[in-house]
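Work through these short exercises with the structure open beside you. Try each task before reading its solution.

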Amino acid sequence: MVVKIICCLILGYICGLFPTAWLIGRRKKTDLRQRGSGNLGTTNVMRTLGPKAGVLTYIGDALKGVLPILAVWLWLANEPAHLLMYQLYTGMGAMLGHCFPFFLKFKGGKGIATMTGVMLAIHFPIGLIGVSIFFFSLIVIRYVSVSSLLMSFSYALMFIMGAATDHLAADPVSMVHIIILCTLMYVLTLYSHRANILRLINGTEDRKNIFKKRVRKR
């Protein structure tokens, strides 16, 4: 089991390393690490380079979560009692690769799009519920960061509750791993949004439309 867990983490991390935002920024001759929030995620790309670039970034980052999960499903489908645990380890690896790419000095995105891809691949209905929570809260409160954290929290809660009632995840060892992993994934999103949280506390968080391209300062 330990070897499989390590393999899942490594697979996820390698897939998470694909620098979607960095490549799109480079194609546009823009170093996104020096623009806007300096973050290599969908929101900064959308605000800096426009909606089309932002959507492409989101799709690419989400696929970094989808593809390794599908690979693990094909590999370990014959172990249904532990499959969810292995998939979550893979998803954790993908998020770590996205947030902390070693070749970009460990400065990547915030992991939300990749997390969404992970959850959609593991359990599509739960993934859709999380996406719905994101867009509903975004319409109501207009804070991308708060909407992202609410979605992340809902994923952690739904998977922990779902695993607790699923006979396939009834194994005590798997349950402990699942609870810890869901908690860690949420903590990772809290950490990656730490600057946003501070701005929310100070009342300086940006509520601008993410689809509005920022004007470059000359």
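Helices are DSSP runs of H or I with at least four residues, and strands are runs of E with at least two. The model is predicted.

**Exercise 1. Count the helices and strands in the protein chain, then read off their order.**

Solution.
- Step 1: apply the definition along the chain. The count is ten helices and zero strands.
- Step 2: read along the sequence. The pattern is α-α-α-α-α-α-α-α-α-α.
- Step 3: check the overall packing. The radius of gyration is 17 Å, close to the 17 Å that the globule rule gives for 218 residues, so the chain is as compact as a globular protein of that length.

**Exercise 2. Describe the extent, burial and surface of the protein chain.**

Solution.
- Step 1: take the principal axes. Along them, the C-alpha atoms fill a box of roughly 60 × 35 × 25 Å.
- Step 2: turn to burial. Of the 218 residues, 47% are buried.
- Step 3: turn to the surface. The chain exposes about 11600 Å², and 70% of that comes from carbon and sulfur atoms.
- Step 4: look at contacts between residues at least 6 apart in sequence. Of these, 67% join residues at least 24 apart.

**Exercise 3. Find how far apart the mean positions of the positive and negative charges are.**

Solution.
- Step 1: count the charges. The protein chain has 24 positive and 7 negative ones.
- Step 2: compare their mean positions. They are 19 Å apart.

**Exercise 4. Place Ile 59 in the chain and decide whether it is buried, partly exposed or exposed.**

Solution.
- Step 1: locate the residue. Ile 59 belongs to helix α4, which covers residues 51–76.
- Step 2: recall the cut-offs. Buried is under 20% relative accessible area, and exposed is over 50%.
- Step 3: apply them. Ile 59 has 43% relative accessibility, so it counts as partly exposed.
- Step 4: take a distance. Ile 201 is 142 residues away from Ile 59 along the chain, and their C-alpha atoms are separated by 31 Å.

**Exercise 5. How many disulfides does the structure hold, and why is Cys 7 not bonded to Cys 8?**

Solution.
- Step 1: set the test. Two cysteine sulfur atoms must lie within 2.5 Å.
- Step 2: search the whole structure. The result is zero disulfides.
- Step 3: check Cys 7. The closest cysteine sulfur is in Cys 8, at 7.0 Å, which is too far for a bond.
- Step 4: check Cys 182. Cys 182 is in no disulfide, and the nearest cysteine sulfur, that of Cys 8, is 15 Å away.
- Step 5: add accessibility. Cys 7 is partly exposed at 35%, whereas Cys 182 is buried at 3%.

Conventions: Residues are numbered from 1 along each chain as its sequence is written. This is a predicted model: local features need pLDDT of at least 70, side-chain atom pairs count only at pLDDT 80 or more; totals for chains, interfaces and linings use all residues. Side-chain values use heavy atoms; hydrogens and water are left out. The radius of gyration is taken over C-alpha atoms; the globule rule is 2.2 Å times the number of residues to the power 0.38. Buried means under 20% relative accessible area, exposed over 50%, partly exposed in between (1.4 Å probe, protein chains only). Contact means heavy atoms within 4.5 Å. Accessible areas come from the Shrake-Rupley method with a 1.4 Å probe; for residues, only the protein chains shown count as cover. Lys and Arg count as positive and Asp and Glu as negative; His and the chain ends are not counted. The place of a charge is taken as NZ of Lys, CZ of Arg, CG of Asp or CD of Glu.
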